[in-house]
Amino acid sequence: PYVTYRDPDRFYHVMFYFDWRSGLVREADLFRAIRDETRLFEAALPLGAERLPMEHGDVARDLWVTEVPTRYFEVTGMKPERGRVFGAGDAGAPAAIISRARWRELFPGRHSLKGATLMLGDRSYTVVGVMPTGAPGRVWVPLSAAAERDGGSGAGSPPLVKLRRGVTREAARAELEALSARLTRRYPGLHGPIGFRLIGFRDYPRYVTETQLAMLGAAIAVLLIACANLAGLTLVTTGACA
């Protein structure tokens, strides 16, 4: 079974499409625009995804770590099966929440969280909670307050938005299209318009995790670069022929 968010039909990830090579606009700028200049979203949460080396006893491997605002679990309604979720005081702290599978792998036969720690990169994290099987992720750590305020840690993953109760996907899409037009005018030096795409959990045959979406985002970025290069080559060829 997969653990979903409370009211899962109200949650969407937002993919960005823009001329990132110009340096005129960043993903964090677009996230803040969604957070501050829309009215149909109850919440907008920046997310990060980073692959970090993990060491614990005899176990050493790289792990995908999901970086979330401290209110992520409160907004999504997911509850741990043991321990607690992040609180306001955990912003940027070396605290971690792990999945049941990761707990069983790293702490076999153990029942208490007391003294449970995990080395991620060069930092030791205290395990404060364990999420049930099927939760969308394996390891979660809190974003710093500055990263949450500014729109992410730089390790981009599509942000998560929650529609206000009663708001349809079509209405949210229309509001993002209006925002896209305003932002495109705001950054006139861009080659091409800014675009947004809402991706709901039911758009896929099974629940899509933040890590998978981060990997999807990277693949789409590569595709967009290829398309931009092809378009540039076409323009050069056309100009030469003229």
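1. A quick definition to start: strands here are DSSP runs of E at least two residues long, and they are numbered from the N terminus. With that in hand, Gly 57 is easy to place, as this glycine sits in the loop between strand S2 (41-56) and S3. One thing to keep in mind throughout is that this is a predicted model.

2. Let's stay with Gly 57 for a moment. Is this residue buried or exposed? Gly 57 has 74% relative accessibility, and exposed means over 50%, so Gly 57 counts as exposed. If you want a landmark across from this loop, try Phe 107: the C-alpha atoms of Gly 57 and Phe 107 are separated by 9.8 Å, with the two residues 50 residues apart along the chain.

3. Now for the aromatic rings. The structure holds seven aromatic pairs. Take Tyr 5 and Tyr 72: the ring centres are 6.0 Å apart and the planes stand at 85°, so this pair is edge-to-face. Tyr 5 is in the segment before strand S1 (11-17), while Tyr 72 belongs to helix H2 (residues 72-76), so the pair ties together parts that are 67 residues apart in sequence. Both of these tyrosines are buried.

4. That pair has company. Which residues do ring pairs link into a cluster? Tyr 5 and Tyr 72 are joined there by Phe 11, Phe 73, Phe 86 and Trp 140. I'd pull these six side chains up together on screen.

5. On to charges: there are 15 salt bridges in the model. One of them brings together the side chains of Glu 105 and Arg 61, at 2.3 Å from N to O. Glu 105 is in helix H3 (residues 100-106) and Arg 61 is in strand S3 (residues 59-68), so this bridge ties together parts that are 44 residues apart in sequence. Glu 105 is partly exposed, at 29% relative accessibility, and Arg 61 is also partly exposed, with a relative accessible area of 36%.

6. Another salt bridge runs between Glu 148 and Arg 71, with the closest N and O atoms 3.5 Å apart. Where do the two partners lie? Glu 148 is in helix H4 (residues 145-150) and Arg 71 is in the loop between S3 and H2, so the pair ties together parts that are 77 residues apart in sequence. Arg 71 counts as partly exposed, with 32% relative accessibility.

7. A further example is Glu 81 with Arg 100, a salt bridge whose closest N and O atoms are 2.6 Å apart. This pair links distant parts of the chain, 19 residues apart: Glu 81 is in the loop between H2 and strand S4 (82-83), and Arg 100 is in helix H3. Both ends are partly exposed, Glu 81 with a relative accessible area of 34% and Arg 100 at 25% relative accessibility.

8. Salt bridges also form a network, which links Asp 7, Arg 10, Glu 42, Lys 162 and Arg 165. Arg 10 is worth a look here. This arginine is found in the segment before S1 and is buried, at 10% relative accessibility. Its side chain makes a polar contact of 2.8 Å with that of Glu 42. Leaving aside neighbours within four places in sequence, Arg 10 is in contact with Glu 42, Val 161, Lys 162, Leu 163, Arg 164 and Arg 165.

9. Asp 7, from that network, has a backbone oddity. What is its phi? Asp 7 shows a positive phi of about 55° although it is not a glycine. Asp 7 lies in the segment before S1, and with a relative accessible area of 29% it is partly exposed.

10. Last stop, helix H5 (residues 169-186). At 1.5 Å a residue, its 18 residues should span 26 Å, and the end C-alpha atoms are 25 Å apart, which agrees. Which residues of H5 are buried? They are Ala 172, Glu 175, Leu 176, Leu 179, Ser 180 and Leu 183. These residues cover an arc of only 150° around the axis, which puts them on the same side of H5. Turn to the face away from that buried side and you will find the exposed residues Glu 170, Glu 177 and Arg 185.

Conventions. Residues are numbered from 1 along each chain as its sequence is written. This is a predicted model: local features need pLDDT of at least 70, side-chain atom pairs count only at pLDDT 80 or more; totals for chains, interfaces and linings use all residues. Side-chain values use heavy atoms; hydrogens and water are left out. Rings of Phe, Tyr and Trp (its six-membered ring) pair if their centres lie within 6.5 Å; planes under 30 degrees apart count as stacked, over 60 as edge-to-face and the rest as tilted. Helices (H or I, at least four residues) and strands (E, at least two) are DSSP runs, numbered from the N terminus. Buried means under 20% relative accessible area, exposed over 50%, partly exposed in between (1.4 Å probe, protein chains only). A salt bridge is a side-chain nitrogen of Lys or Arg within 4 Å of a carboxyl oxygen of Asp or Glu. A polar contact is a pair of N or O atoms within 3.5 Å; within protein, one must be able to donate a hydrogen and the other to accept it, and residues adjacent in sequence count only if both atoms are side-chain atoms. Contact means heavy atoms within 4.5 Å. The expected span of a helix is 1.5 Å times one less than its number of residues. The arc is that of the directions from the helix axis to the C-beta atoms.
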